[in-house]
Amino acid sequence: MKSVLNYIRESTELEQQIHSIRSRTKDPDHFADKIVRKIRKCKSEGTPFDITPANLFTKINDLAGIRLLHLHTRQIVEIDKSLKAIFHEQPLELVEGPSARTWDDEYRALFGSFNIETQNSETMYTSVHYVVASKSSTTVTCEIQVRTLMEEVWGEVDHKVNYPHANEHIACTEQIKALARVTSSATRLVDSIFATVADLAKPLQKPEQQA
């Protein structure tokens with residue numbers, strides 16, 4: 001994670017697009033809880049539990065995570081290009097992604113137009129995900145999330161309310177859904193502002209002179 005963070009911070013191209021960077025390693029108690037839930041799910045479905053000490057760092061991709069926050073949606077095009085350039089140049093391998101998780105049909109279409117695969121998000125979570133692996137004798141993985149500041153607001157509130165276990169109170173569930181719609185509307189407004197700024201920056205076209 002520290003190595004990937006250094007590569008990202010050294011990129012002048014990413015610096016122009018990114019508002020801020022966050023990172024974390026998974027809390028040990030939350031990790032233990034996740035493993036227990038996976039074991040229970042395998043038992044209930046009658047499927048083998050295939051996580052071992054030998055494959056832990058490749059089977060579990062979010063033990064280390066980096067989050068890149070930006071202002072408006074269309075920045076993802078340049079961010080994606082810059083990240084892939086880093087993965088190509090440095091001793092890293094892109095093993096998953098980019099994949100945009102979204103509940104919004106309009107943004108699903110927009111990400112699709114950027115050639116970014118989309119996944120439906122029933123929880124109303126929105127973010128673009130990458131998983132990179134180290135090219136070293138011991139392979140470890142790191143998850144990179146890219147999202148707008150407005151999406152980060154929803155994500156932080158949802159994390160406090162629904163993590164590591166979902167809050168089952170109907171009022172909280174409905175309020176989280178309402179917050180997702182509000183922050184999505186705010187993202188649209190920010191997108192519109194930057195689209196207007198870009199349009200105003202275009203040189204004015206002079207009318208054709210009559211002969």
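The largest pocket in this predicted model holds about 1500 Å³ of space, and I would like to begin there before turning to the salt bridges. Its lining is made up of 43 residues, and those that lie nearest its centre are Asp62, Tyr125, Gln145, His159 and Tyr163. If we ask which elements give two or more residues to that lining, the answer is strand S1 (20-25), helix H3 (28-45), strand S2 (64-70), strand S6 (141-148), helix H7 (149-162) and helix H8 (170-200). Of these, H7 provides the largest share, with seven residues.

As for the chemistry of the lining, which you may care about when setting up a calculation, the residues divide into 18 charged, 16 polar and nine nonpolar.

Let me now move to the charged pairs. How many salt bridges does the structure hold? The count is 16, and I will go through three of them.

The first one on my list joins the side chains of Arg22 and Glu156, with a distance of 3.4 Å from N to O. This pair links distant parts of the chain, since Arg22 sits in strand S1 and Glu156 in helix H7, 134 residues apart. Are these two residues buried or exposed? Neither word quite fits: Arg22 has a relative accessibility of 38% and therefore counts as partly exposed, and Glu156, with a relative accessible area of 29%, is partly exposed as well.

The next pair is Arg147 with Glu152, whose side chains meet in a salt bridge at 2.8 Å, again taken from N to O. Here the setting is that of buried residues, a description that applies to Arg147 and to Glu152. Beyond the pair itself, salt bridges that share partners join Arg22, Arg67, Arg147, Glu152 and Glu156 into one network, so that the two pairs I have just described belong to one connected set.

The last pair is Arg108 with Asp105, where the closest N and O atoms are 2.3 Å apart. Both residues lie in helix H6, which covers residues 105-113, and they are three residues apart, or about one turn of the helix. On accessibility, Arg108 is partly exposed, because its relative accessible area is 21% and the buried class requires a value under 20%. Asp105, by contrast, has a relative accessible area of 58%, and it is therefore exposed, given that this class begins over 50%.

To return to the pocket for a moment, helix H7, which gives the largest share of its lining, is also the helix that carries Glu156.

How values were computed
Residues numbered from 1 in each chain as written. Predicted model: local features only at pLDDT ≥ 70, side-chain atom pairs only at ≥ 80, totals over all residues. Heavy atoms only, no water. 1 Å grid on protein atoms, 1.4 Å probe; cavity = no way out; pocket = protein on both sides within 12 Å on 5 of 7 lines; lining within 4 Å. Points joined across faces, edges and corners; volume = space filled by probe spheres on them. Helix = DSSP H or I, 4+ residues; strand = E, 2+ residues; numbered from the N terminus. Nonpolar A, V, L, I, M, F, W, Y, C, P; charged D, E, K, R; others polar. Salt bridge = Lys/Arg side-chain N within 4 Å of Asp/Glu carboxyl O. Buried < 20%, exposed > 50% of the residue type's maximum accessible area, 1.4 Å probe, protein only.
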